Amino acid sequence: MKKYVGAGLLFSALLFAGCGQQTETATSGDATEPEKVVIGSVGSDAEIWNYIAGLAETKEAGLSIEVKEIDSGPQLNTATVDGEVAVNAFQSLGYLLSFNNDSDKDLVPIATTYLEPMGIYSDSIEDIADVPDDAVVALADNPANTARGLRLLEAAGLITLTDDFDNGTGTPSEIEQNPKNLTFNLIDDTTGPRILQDVDLALISNTVAFEGGLNVLTDSLYKEEIDQNTKTSINVLVTTEEHADDPALQKLADLYHSDDVKDYIDENFGGTKVDVQEDITTLWQEVQ
């Protein structure tokens, strides 16, 4: 999205509708300035995008990235809808589906980034095969992660879900078989590592686990793998339908999947962010 002006003009900008902070392109004479893209993010994702913002490859791609940290997932999506940020980087496809369904918004994914495996953790049990009858299980109290945790328990062989279980919105009421008579407590997902001593099992998303000193690859009893049932767990870059094909935003995926960034993620996040490069158009159609 560029506007060319005469050599006598020092600055001109083309902004996304409704906001001067999303993206802008400036020219000065014959020299093209980087196009500014504001990315909404939080936690480890914000750290990664701040790293990407400082790379020479980003400048070579003609971009200037500003990372705006917003602590709440719904607020990050609302900021994207309202044009406060051009794109956000924090959520899974399942989370996006739930947000769109609950808010009647039409945000869309434009690229895959990674899968952070959710894990089953315990302070008192050493093997998933040793889960006792009547065990108390903590699940995140938000639609996407509740369903994700239940699907992981099924993969671990602890429960069976109904045939029409929704990977984005499913609840414990859709458990068809519960042979160990597990009891479920819904918790604020950010408290997972802190409540391990109070339950037998806790289903904890990787970002929360990692920030709580847990590595899903070494500390969990059981973890997600990339398969048909974890497609909605893949994290994505998200924007509005109006800007999904914007050339500046399309460059972000290549930057994220560069070897330099992969090395940074492996070094700083213990290998717990598994790189995923899938065709987003096909994937989005499959999970809706």
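**Figure 1. Ala138 and its partner across two strands.** In this predicted model, start with Ala138, whose bridge partner in β13 is Ala202. Zoom out a little and you'll see the two strands involved: β9, residues 136-140, and β13, residues 201-204, are joined by 2 bridges. These strands run parallel to each other.

**Figure 2. An open sheet built from 5 strands.** Here's the sheet that β9 and β13 belong to, and its strand order reads β12-β9-β13-β8-β14. The sheet is open, with mixed pairing. Which strands sit at the edges? They are β12 (183-187) and β14 (222-223), and each of them pairs on one side only.

**Figure 3. Helix α5 lying across the sheet.** Follow residues 143-155 and you're tracing helix α5. This helix lies across β8 (119-121), β9, β12, β13 and β14. Compare its direction with that of β9: the helix runs at about 140° to the strand.

**Figure 4. The largest pocket and what lines it.** Now for some empty space: the largest pocket has a volume of about 730 Å³. Its lining is made up of 31 residues, and nearest the centre you'll find Phe90, Asp189, Ser205, Thr207 and Val208. Two or more lining residues come from each of α1 (43-53), α3 (73-81), β6 (87-92), α5 and α6 (206-211). Which element gives the largest share? That's α6, with 4 residues. Sort the lining of the largest pocket by class and you get 14 polar, 9 charged and 8 nonpolar residues.

**Figure 5. The second largest pocket, with plenty from α5.** This pocket holds about 210 Å³ of space. It is lined by 21 residues, and those closest to its centre are Arg151, Leu152, Glu224, Asn229 and Thr230. Helix α5 turns up again here, giving the most to the lining with 8 residues. At least two residues each come from α4 (93-103), α5 and β14, and β14 is one of the edge strands from Figure 2. By class, the lining of the second largest pocket splits into 8 polar, 7 charged and 6 nonpolar residues.

**Figure 6. A closed-off space inside the model.** How many cavities of 30 Å³ or more does a search of the whole structure find? The search turns up 1, and the largest cavity has a volume of about 40 Å³. Look around its walls and you'll spot Asp45, Trp49, Ala89, Phe90, Thr113, Tyr114, Asn235, Val236, Leu237 and Tyr256. You've met Phe90 already, among the residues nearest the centre of the largest pocket. At least two lining residues of the cavity come from each of α1, β6, β7 (107-115) and β15 (234-240), and β15 gives the most, with 3 residues. The cavity lining counts 7 nonpolar, 2 polar and 1 charged residues.

**Figure 7. Lys36 and Glu66 in a salt bridge.** Side chains of opposite charge can pair when their charged atoms come close. In this close-up, the side chains of Lys36 and Glu66 do just that, with 3.0 Å from N to O. Why does this pair tie together parts that are 30 residues apart in sequence? Lys36 lies in strand β4 (residues 35-41) while Glu66 lies in strand β5 (residues 63-69), so the pair links those separate stretches of the chain. Across the model, the count comes to 8 salt bridges.

Conventions. Residues are numbered from 1 along each chain as its sequence is written. This is a predicted model: local features need pLDDT of at least 70, side-chain atom pairs count only at pLDDT 80 or more; totals for chains, interfaces and linings use all residues. Side-chain values use heavy atoms; hydrogens and water are left out. Two strands pair if DSSP finds at least two bridges between them. Contact means heavy atoms within 4.5 Å. Axes are lines fitted to C-alpha atoms, for helices over the stretch in contact, and angles run from 0 to 180 degrees between N-to-C directions. On a 1 Å grid over the protein atoms alone, a cavity is a set of points where a 1.4 Å probe fits but cannot get out, and a pocket is an open set with protein on both sides within 12 Å along at least five of seven lines; lining residues have an atom within 4 Å of a point. Grid points are joined across faces, edges and corners, and a volume is the space filled by probe spheres set on the points. Ala, Val, Leu, Ile, Met, Phe, Trp, Tyr, Cys and Pro count as nonpolar, Asp, Glu, Lys and Arg as charged, and the others, Gly among them, as polar. A salt bridge is a side-chain nitrogen of Lys or Arg within 4 Å of a carboxyl oxygen of Asp or Glu.
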